[in-house]
Amino acid sequence: MAVHIVDTSDPSETESVGAELAGDLREGDVVLVRGELGAGKTTLVRGAARALGVTDPVTSPSFSIGHRYRARDSLTVSHLDLYRLAGLDDEDPELLADYLGDGRIAFVEWPPDAERELAQARVEVSLAHAGEDRRRIEVRQR
Ligand code: ADP
Ligand code: MG
């Protein structure tokens, strides 16, 4: 388990942390992105998605659980926002099937302390408010 901690002081720096992380990712990876509302989860995912070749604007999913973006080569970048789901117990397990798996890299926004986690997440990112525009970002890779 490799742990890497970075402090950022504006959104573009948090995007850069996402872009750097993107370089370590491979197809099939799931990245769990934890943190309070406004901590910068979507901002970090935006930076990572750009670095993976996504050119469409990366925005928070609001009318569905997620978005899928065409990235470089035949890669798809999935961005799920499960922040408001207390757990996936009541959800159709097939719900995630369209977002995870071969040919895809998935970023999943998640509350800071939810009990239930996606078992297959190889990478976990936690973002925390550290005053004004500062954020502390912790990246763990298995
Ligand atoms: P989340 O997805 O965790 O709810 P967002 O990425 O949507 O958070 O929003 C983070 C907000 O905080 C944005 O308005 C962004 O401009 C602002 N912000 C200020 N400083 C930072 C920082 N260092 N890193 C990320 N976002 C920041
Ligand atoms: Mg978000």
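A residue is taken as buried when its relative accessible area is under 20%. By this criterion, the buried residues of helix α2 are K41, T42, T43, L44, V45, G47, A48 and A49. The model examined here is a predicted one, and the description below proceeds from the overall fold to the helix, the strands, the two ligands and a loop arginine.

The protein chain contains two helices and seven strands. Read from the N terminus, these elements follow the order β-α-β-α-β-β-β-β-β. The chain has 142 residues, of which 46% are classed as buried. Among contacts with a sequence separation of 6 or more, 64% are accounted for by residues 24 or more positions apart. The accessible surface of the protein chain amounts to about 7,600 Å², and carbon and sulfur atoms contribute 45% of this area.

Helix α2 spans residues 41–51. The helix is mostly covered, with eight of its 11 residues buried. Its buried residues pack against helix α1 and against strands β2 (30–35), β4, β5, β6 and β7 (135–141). Immediately after α2, G53 adopts a positive phi of about 100 degrees.

Strand β4, formed by residues 76–81, is also mostly covered, since five of its six residues are buried. Two pairings involve this strand. With strand β3 (residues 66–70), β4 pairs in the antiparallel sense over five bridges. Within this pairing, H67 has H79 of β4 as its bridge partner. The hairpin of β3 and β4 has five residues between the strands, and D73 in this hairpin takes a positive phi near 45 degrees. With strand β5 (residues 104–110), by contrast, β4 pairs in the parallel sense over six bridges. Here S78 stands opposite A106 of β5.

Strand β5 also contains V108. With a relative accessible area of 1%, V108 is buried, because this value lies under the 20% cut-off. The C-alpha atom of V108 is separated by 6.0 Å from that of H79, although the two residues are 29 residues apart along the chain. H79 is thus a residue named in two relations: it is the bridge partner of H67, and its C-alpha atom lies 6.0 Å from that of V108.

The magnesium ion (ligand 2) has two protein donors, T42 through OG1 and E109 through OE, lying 2.2 to 2.3 Å from the ion. T42 belongs to helix α2 and E109 to strand β5, so the pair ties together parts of the chain that are 67 residues apart in sequence. Both donor residues are buried.

Ligand 1 is surrounded by 16 residues, the closest being T14, G38, K41, T43 and D133. Polar contacts to this ligand involve both backbone and side-chain atoms. A backbone N or O atom of D10 lies 3.3 Å from a nitrogen atom of ligand 1, and an N or O atom in the side chain of T14 is 2.6 Å from a nitrogen atom of the ligand. An oxygen atom of ligand 1 lies 3.0 Å from a backbone N or O atom of G40. On its own, ligand 1 has 570 Å² of accessible area, and the protein covers 75% of it. The elements that supply two or more residues to the surrounding shell are α1 (11–22) and α2. Of the elements, α2 gives the most, with three residues. Helix α2 therefore takes part in both sites, as it holds the magnesium donor T42 and contributes three residues to the shell around ligand 1.

A further site of interest is R122, in the loop between β5 and β6 (123–129). R122 has a relative accessibility of 14% and therefore counts as buried. Two polar contacts involve its side chain. A polar atom of the R122 side chain lies 3.1 Å from the backbone oxygen of D24, and the R122 side chain makes a polar contact with the side chain of Q141 at 3.5 Å. Leaving aside residues up to four places away in sequence, R122 touches D24, L25, R26, D29, V30, R140, Q141 and R142.

Conventions:
Residues numbered from 1 in each chain as written. Chains lettered and ligands numbered in written order. Predicted model: local features only at pLDDT ≥ 70, side-chain atom pairs only at ≥ 80, totals over all residues. Heavy atoms only, no water. Buried < 20%, exposed > 50% of the residue type's maximum accessible area, 1.4 Å probe, protein only. Helix = DSSP H or I, 4+ residues; strand = E, 2+ residues; numbered from the N terminus. Pairing = 2+ DSSP bridges. Polar contact = N/O pair within 3.5 Å; in protein donor to acceptor, adjacent residues only side chain to side chain. Contact = heavy atoms within 4.5 Å. Donors = N, O, S within 2.8 Å, 3.2 Å for Na, K, Ca; no water. Near = heavy atom within 4 Å. Areas by Shrake-Rupley, 256 points an atom, 1.4 Å probe, with all protein chains shown as cover.
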